[in-house]
Amino acid sequence: MGLGGCIILIAVGAILTFATDWHMQGVNLDLVGVILMIVGLIGVTTFSSIARRRRVMVPPASTTVVETERRHTDGYSDGYGV
């Protein structure tokens, strides 16, 4: 279950807890909503801790640039001559 699924669980739990006034025999919808919100929060914290571990920053490998000096014998020193 990804981050989106966890957020959906929190939203459905909040709707069942705070926005409904249904009464079903044998089912306490307020308790079901609270349980869904808790499971969603546990999922969000687990997902964020796993995602934080995956984002390890590795510095790029440095490359060494070697410049060579060219000697011009034709009199041009700015590089435009042939």
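This note goes through the overall make-up of a predicted model, and then two residues of its helix α1, L3 and T17.

1. As regards secondary structure, the protein contains 2 helices and 0 strands, and of its 82 residues, 13% are buried. Among contacts with a separation of 6 or more, 50% are between residues 24 or more positions apart.

2. The accessible surface of the protein comes to about 7,500 Å², and 62% of that area is supplied by carbon and sulfur atoms. One nonpolar patch on this surface is formed by L3, I7 and F47, which together have about 250 Å² of accessible area.

3. L3 belongs to helix α1, which covers residues 3-19. Its relative accessibility is 35%, and L3 is therefore classed as partly exposed, a class that lies between the buried limit of under 20% and the exposed limit of over 50%.

4. T17 is likewise placed in helix α1, but is T17 buried or exposed? Because its relative accessibility is 15%, T17 counts as buried, the cut-off for that class being under 20%.

5. The surroundings of T17 can be described from two sides. Its side chain reaches the backbone oxygen of G13 at a distance of 2.8 Å, while, once neighbours within four places in sequence are left aside, T17 is in contact with D30, G33, V34 and M37.

Definitions and conventions:
Residues numbered from 1 in each chain as written. Predicted model: local features only at pLDDT ≥ 70, side-chain atom pairs only at ≥ 80, totals over all residues. Heavy atoms only, no water. Patch = residues over 30% accessible without salt bridge, like charges linked within 9 Å, V, L, I, M, F, W, Y side chains within 5 Å. Areas by Shrake-Rupley, 256 points an atom, 1.4 Å probe, with all protein chains shown as cover. Salt bridge = Lys/Arg side-chain N within 4 Å of Asp/Glu carboxyl O. Helix = DSSP H or I, 4+ residues; strand = E, 2+ residues; numbered from the N terminus. Buried < 20%, exposed > 50% of the residue type's maximum accessible area, 1.4 Å probe, protein only. Polar contact = N/O pair within 3.5 Å; in protein donor to acceptor, adjacent residues only side chain to side chain. Contact = heavy atoms within 4.5 Å.
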